[in-house]
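Here are some exercises to help you find your way around a new structure. Try each task first, then follow the solution step by step.

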Amino acid sequence: MLTTEDFDFELPEELIAQTPLSDRSSSRLLVVDRETGKFEDKHFYNIIDELAPGDALVMNDTRVLPARIYGEKQETGAHLEILLLNNIEGDTWETLIKPAKRAKVGTKITFGDGRLEAVVEEELDHGGRIIRFQYKGIFLEILESLGEMPLPPYIKERLEDPDRYQTVYAKENGSAAAPTAGLHFTPELLEQIAAKGVKLVYLTLHVGLGTFRPVSVDNIADHEMHSEFYRLTEEAAAQLNEVRANGGKIVAVGTTSIRTLETIGTKFDGQIKADSGWTSIFITPGYQFKIVEAFSTNFHLPKSTLVMLVSAFAGRDLTLSAYQHAIDERYRFFSFGDAMFLK
């Protein structure tokens, strides 16, 4: 039985990156070879050397909403902080509210100049609330003017340029957090990769805040994953099937792309088909990968489901050795940090 403690490691706090580098692609890249167990220290722009003509590079084109908004209770004027998690339907959202005790069912909330209002419709666990918005105009435009980028709790510095918490290919609105493995790409690097004959393929998975939620049970089999919405289009599925048929590798960018592809692979017995829906797939050691053959990812929190996913691909011992190497070599960790490439 694997326990949560099996995925723990000591991380010096000063290695948690607080701000992004001025040049996205100059982050460091630790290349991990599963066959030899060897590590190579490179820069992210060297990822092109790990890709061959005919491969597919699969990226998540979700766009982070300015999902943190501040409101007041209409009755008392008490301040509330609301974080949008999932758009359930129409103007109804799953949210996190702080302080949750002030937001009972029926509570009415006003935001900014009153263009946006909401009512709490249902109470969930851990401060979660279902709320329904009312507004005049276009919701996303109002959100852009009132909301803040919902940076992870371990980032204490103010982000000067909100676009640095978006990938350069972000398109589909809906995430409460960035698919951070993609933050290292620049338009120029993507052009160079495409010019090499690598297919650039996009899917969508809207990242929920469960990404940052630590595993609170001892036995990892008891952990309940959060659900996230995903979509793979007919066009993208056709591109991936063509790459497969011609012997190319499917290389994922980030754990969100992996979870989408492996959800589809699990659902369709290893085949790639266009699909959309909600996934709560939890990939842990022992899992047999069905689609993904290599991937890039950032360095994740100790005891997190993301470290468990990487361990499922590379093995727990090699994964923790790679993390120790990164710590010894002073790599930068988490959302604005450096990356690793596992092959």
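**Exercise 1.** Find the helix that holds Thr260, decide whether Thr260 is buried or exposed, and list its contacts.

*Solution.* Keep in mind throughout that this is a predicted model.
- Step 1: Look along helix α4, which covers residues 254-267; Thr260 lies in this helix.
- Step 2: The relative accessibility of Thr260 is 0%. Buried means under 20%, so Thr260 counts as buried.
- Step 3: Leaving aside residues up to four places away in sequence, Thr260 touches Leu203, Thr204, Leu205 and Tyr230.

**Exercise 2.** Place Ser175 in its strand and work out what surrounds Ser175.

*Solution.*
- Step 1: Ser175 belongs to strand β11, which spans residues 172-175.
- Step 2: With a relative accessibility of 1%, Ser175 counts as buried.
- Step 3: Not counting residues up to four places away in sequence, Ser175 touches Thr62, Arg63, Val64 and Leu65, and also Leu205, His206 and Val207.
- Step 4: Now compare sequence with space. Ser175 and Leu84 are 91 residues apart in sequence, yet their C-alpha atoms are 8.8 Å apart.

**Exercise 3.** Trace the open sheet: what is its strand order, and which strands stand at the edges?

*Solution.*
- Step 1: The open sheet has 9 strands with mixed pairing, in the order β2-β1-β17-β16-β14-β3-β12-β13-β15.
- Step 2: The edges are β2 (39-43) and β15 (275-279); each has a single partner strand, so one side of each is left without a neighbour in the sheet.
- Step 3: From one strand to the next, the twist averages 25°.

**Exercise 4.** Follow individual pairings within the open sheet, starting from β3 and β14.

*Solution.*
- Step 1: Strand β3 (residues 56-60) pairs with strand β14 (residues 250-253) in the parallel sense, over 3 bridges. Here Leu57 stands opposite Val251 in β14.
- Step 2: Move on to β12 and β13, which run antiparallel and are joined by 2 bridges. Leu205 has Tyr230 in β13 as its bridge partner.
- Step 3: On to β13 and β15, which run antiparallel with 5 bridges between them. Arg231 stands opposite Ser276 in β15.
- Step 4: Check how covered β13 is: 4 of the 5 residues in this strand (residues 228-232) are buried.

**Exercise 5.** Which helices lie across strands of the open sheet, and at what angles do they run?

*Solution.*
- Step 1: Helix α2 (residues 187-195) lies across β3 and β12 (199-205), and runs at about 125° to β12.
- Step 2: Helix α5 (residues 305-314) lies across β16 (294-298) and β17 (339-342), and runs at about 150° to β16.

**Exercise 6.** Describe the closed barrel: how many strands does it have, and in what order do they run?

*Solution.*
- Step 1: The barrel has 6 strands in the order β5-β6-β7-β10-β9-β8, with antiparallel pairing. Neighbouring strands are turned by 45° against each other on average, direction ignored.
- Step 2: Strand β5 (residues 68-73) is joined to strand β6 (residues 79-89) by 5 bridges, and the two run antiparallel. Tyr70 stands opposite Glu81 in β6.
- Step 3: The hairpin of β5 and β6 has 5 residues between the strands, and there Gly77 takes a positive phi near 80°.
- Step 4: β5 also pairs with strand β8 (residues 108-111), in the antiparallel sense over 3 bridges. Gly71 stands opposite Phe111 in β8.
- Step 5: Strand β9 (residues 116-123) and strand β10 (residues 128-135) form an antiparallel pair over 7 bridges. Leu116 has Tyr135 in β10 as its bridge partner.

**Exercise 7.** Look for empty space: how many cavities of 30 Å³ or more does a search of the whole structure find?

*Solution.*
- Step 1: The search finds 3 such cavities.
- Step 2: The second largest cavity has a volume of about 80 Å³. Its lining includes Pro20, Arg164, His184 and Phe336.
- Step 3: Sorted by class, that lining has 4 nonpolar, 4 polar and 3 charged residues.
- Step 4: Turn to the second largest pocket, which holds about 380 Å³ of space. Of its 18 lining residues, the closest to its centre are Gly147, Glu148, Met149, Leu159 and Pro162.
- Step 5: The lining of this pocket has 7 nonpolar, 2 polar and 9 charged residues.

Terms used: Residues are numbered from 1 along each chain as its sequence is written. This is a predicted model: local features need pLDDT of at least 70, side-chain atom pairs count only at pLDDT 80 or more; totals for chains, interfaces and linings use all residues. Side-chain values use heavy atoms; hydrogens and water are left out. Buried means under 20% relative accessible area, exposed over 50%, partly exposed in between (1.4 Å probe, protein chains only). Contact means heavy atoms within 4.5 Å. On a 1 Å grid over the protein atoms alone, a cavity is a set of points where a 1.4 Å probe fits but cannot get out, and a pocket is an open set with protein on both sides within 12 Å along at least five of seven lines; lining residues have an atom within 4 Å of a point. Grid points are joined across faces, edges and corners, and a volume is the space filled by probe spheres set on the points. Ala, Val, Leu, Ile, Met, Phe, Trp, Tyr, Cys and Pro count as nonpolar, Asp, Glu, Lys and Arg as charged, and the others, Gly among them, as polar. Two strands pair if DSSP finds at least two bridges between them. Axes are lines fitted to C-alpha atoms, for helices over the stretch in contact, and angles run from 0 to 180 degrees between N-to-C directions.
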